Amino acid sequence: MKAIKIENQDVLAAVDSGLSYIEIGNRKFLLIEVDQYPGANNYEVTDSEEERLLLEALEGDNPILSDLEIDEILNFPKEV
């Protein structure tokens, strides 16, 4: 997977805001920070508990959640 280098200050500020996703037009993008491994295009799971959780998530029921449901799961404060 090739990384895209972004130098736009507004985008960098949005990523640094601590929010879980950004919205561009009517599309939303989940922000997940990853470590960069030189020459590797995959993620190697080395922990058995992590592997179990990943397989459970991949093979299980994955409904689309509303923004409110995601915020509740992540314990984000409700917007007033």
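**Entry 1: around E50**

I began with E50 and found that E50 touches Y43 and V45, leaving aside residues up to four places away in sequence. Contact here means heavy atoms within 4.5 Å. I noted that this is a predicted model, where local features need pLDDT of at least 70 and side-chain atom pairs count only at pLDDT 80 or more, while totals for chains, interfaces and linings use all residues. Residues are numbered from 1 along each chain as its sequence is written, and side-chain values use heavy atoms, with hydrogens and water left out.

I placed E50 in helix α2, which covers residues 48-59. Helices are DSSP runs of H or I with at least four residues, strands are runs of E with at least two, and both are numbered from the N terminus. Is E50 buried or exposed? I put E50 down as partly exposed because its relative accessibility is 26%. For my own use I wrote down the cut-offs: buried is under 20% relative accessible area, exposed is over 50%, and partly exposed is in between (1.4 Å probe, protein chains only).

**Entry 2: Y43 and a nonpolar patch**

Next I followed the contact to Y43, which sits in the loop between β2 (27-30) and α2. Y43 has a relative accessible area of 51%, so I list Y43 as exposed. Y43 also belongs to a nonpolar surface patch of about 480 Å², together with V45, L54, L55 and L58. Such patches are made of residues with over 30% relative accessible area and no salt bridge; like charges are joined within 9 Å, and nonpolar side chains (Val, Leu, Ile, Met, Phe, Trp, Tyr) within 5 Å. The areas come from the Shrake-Rupley method with a 1.4 Å probe, and for residues only the protein chains shown count as cover.

**Entry 3: the overall layout**

I stepped back and counted three helices and two strands in the protein. Read from the N terminus on, the elements run α-β-β-α-α. The accessible surface comes to about 8,000 Å², and 55% of this belongs to carbon and sulfur atoms. Of the 80 residues, 2% count as buried.

**Entry 4: S20**

Then I looked up S20, in the loop between α1 (9-16) and β1 (21-24). S20 counts as buried because its relative accessibility is 13%. What does S20 touch, not counting residues up to four places away in sequence? I found F29, L30, L31, L74 and F76.

**Entry 5: the hairpin and the ends of α1**

I traced β1 and β2, which pair in the antiparallel sense over four bridges. Two strands pair if DSSP finds at least two bridges between them. Across the pairing, I22 stands opposite F29 in β2. The two strands form a hairpin with two residues between them, and G25 in the turn has a positive phi of about 65°.

At α1, I saw that N8 caps the N-terminal end, with a side-chain oxygen 2.8 Å from the backbone nitrogen of D10. G18, just after α1, takes a positive phi of about 90°.

**Entry 6: salt bridges**

How many salt bridges does a search of the whole structure find? The search gives three. A salt bridge is a side-chain nitrogen of Lys or Arg within 4 Å of a carboxyl oxygen of Asp or Glu.

I noted one between D67 and K28, whose closest N and O atoms are 2.6 Å apart. This pair links distant parts of the chain, since D67 is in helix α3 (residues 67-73) and K28 is in strand β2, 39 residues apart. D67 is partly exposed at 31% relative accessibility, and K28 is partly exposed at 43%.

I then went back to helix α2. E49 and R52 meet there in a salt bridge of 2.7 Å, N to O. They are three residues apart in α2, so about one helical turn separates them. Both ends turned out partly exposed: E49 has a relative accessible area of 40%, and R52 has 40%. E56 also meets R52 in a salt bridge, at 3.0 Å from N to O. E56 and R52 lie four residues apart in α2, about one turn of the helix. I closed the page with the network of salt bridges that links E49, R52 and E56.

Methods
A polar contact is a pair of N or O atoms within 3.5 Å; within protein, one must be able to donate a hydrogen and the other to accept it, and residues adjacent in sequence count only if both atoms are side-chain atoms.
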